[in-house]
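Visitor: I'm new to this one. Can you put it on screen and walk me through it?

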Amino acid sequence: MNYWLFKSEPSTWSWEEQMAKGEIGEEWDGIRNYQARNFMRDMRIGDRGFFYHSQTEKAVVGVVEIAAEAHPDSTTDDERWECVDVKAVKPVKKPVTLKMIKSEPRLSEMVLVKNSRLSIQPVTEEEWTVVCEMAGISV
């Protein structure tokens with residue numbers, strides 16, 4: 001299993017909206033960055049990801065699962081862009097802020113710390129475990 005982090009502005013697509021989609025999930029569409037698109041191409045059904053509210057909150061607020069592997073993004077006719085479908089797994093008990101992540105030495109190499117602008121990022125298994133611990137969840 002691989003682990004990921006998906007960033008979304010709550011005003012565009014919130015954790016609450018993601019949860020409301022239930023088992024069906026939703027396309028993670030609109031990504032127009034080649035590196036993020038390539039990460040989506042590496043995702044497999046069952047991989048897990050953190051749902052991260054960007055902008056004002058800057059915090060991990062939930063866990064999602066890949067429900068469909070990379071396929072054409074329905075929001076464009078441009079064949080270069082693909083997306084995956086994600087479904088909500090569970091909310092975190094305690095949101096894990098960017099400030100908390102940056103202050104945790106075991107997360108000093110996390111992509112979120114090094115390149116916080118990238119909208120989809122890989123997360124190592126160790127980072128996954130640490131953030132889950134900080135969030136008060138086990139997944």
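Guide: One term to begin with. Two strands pair if DSSP finds at least two bridges between them. Helices (H or I, at least four residues) and strands (E, at least two) are DSSP runs, numbered from the N terminus. With that in hand, His53 stands opposite Ala59 in β4.

Visitor: What kind of model is this, and how are residues numbered?

Guide: It is a predicted model, where local features need pLDDT of at least 70, side-chain atom pairs count only at pLDDT 80 or more, and totals for chains, interfaces and linings use all residues. Residues are numbered from 1 along each chain as its sequence is written, and side-chain values use heavy atoms, with hydrogens and water left out.

Visitor: How many helices and strands does the chain have?

Guide: Five helices and six strands. In sequence order, the pattern reads β-α-β-α-β-β-β-α-α-β-α.

Visitor: How do the strands line up?

Guide: The six strands make an open sheet with mixed pairing. Its order is β2-β5-β4-β3-β1-β6. β2 and β6 (120-123) are the edge strands, each pairing on one side only.

Visitor: Take β3 and β4. Which way do they pair?

Guide: Antiparallel, over six bridges. Phe51 sits opposite Gly62 in β4. Phe50 has Val63 of β4 as its bridge partner.

Visitor: And what links those two strands?

Guide: A hairpin turn, with five residues between β3 and β4. Gln55 lies in that loop, between β3 (48-53) and β4 (59-72). Gln55 is not a glycine, yet its phi is positive, about 70°.

Visitor: Which other residue in the loop between β3 and β4 has a positive phi?

Guide: Lys58 is in the loop between β3 and β4. Its phi is about 45°, and Lys58 is not a glycine.

Visitor: Are Gln55 and Lys58 buried or exposed?

Guide: In between. Buried means under 20% relative accessible area, exposed over 50%, partly exposed in between (1.4 Å probe, protein chains only). Gln55 counts as partly exposed because its relative accessibility is 48%. Lys58 has a relative accessible area of 41%, so Lys58 is partly exposed.

Visitor: What about β3 itself?

Guide: Six of the six residues of β3 are buried, so β3 is largely enclosed by the rest of the structure.

Visitor: Which way do the β3 residues point?

Guide: Arg48, Phe50 and Tyr52 point one way, and Gly49, Phe51 and His53 point the other. Why the split? In a regular strand, side chains alternate between the two faces of the sheet.

Visitor: Who else pairs with β3?

Guide: β1 does. Six bridges join β1 to β3, and the two run parallel. Tyr3 has Arg48 in β3 as its bridge partner.

Visitor: And on to β5?

Guide: β4 and β5 (residues 82-97) run antiparallel, joined by ten bridges. Val64 has Ala88 in β5 as its bridge partner.

Visitor: Switching to helices. What is buried in α5?

Guide: The buried residues of α5 (residues 125-135) are Glu127, Trp128, Val130, Val131, Cys132, Met134 and Ala135.

Visitor: What do they pack against?

Guide: The buried residues of α5 pack against β1, β3, β4, β5, α3 (98-103) and β6. Contact here means heavy atoms within 4.5 Å.

Visitor: What follows α5?

Guide: Gly136, with a positive phi near 75°.

Visitor: Is there a pocket worth a look? What is its volume?

Guide: The largest pocket has a volume of about 550 Å³. The search uses a 1 Å grid over the protein atoms alone, and a pocket is an open set of points where a 1.4 Å probe fits, with protein on both sides within 12 Å along at least five of seven lines. Grid points are joined across faces, edges and corners, and a volume is the space filled by probe spheres set on the points.

Visitor: Which residues line the largest pocket?

Guide: There are 21 lining residues, and Lys7, Ser8, Glu9, Ser54 and Ser119 lie nearest the centre. Lining residues have an atom within 4 Å of a point. β1 (3-8) and β2 (26-27) each supply at least two residues of the lining.

Visitor: Last one. How much of the chain is buried?

Guide: Of its 139 residues, 47% count as buried.
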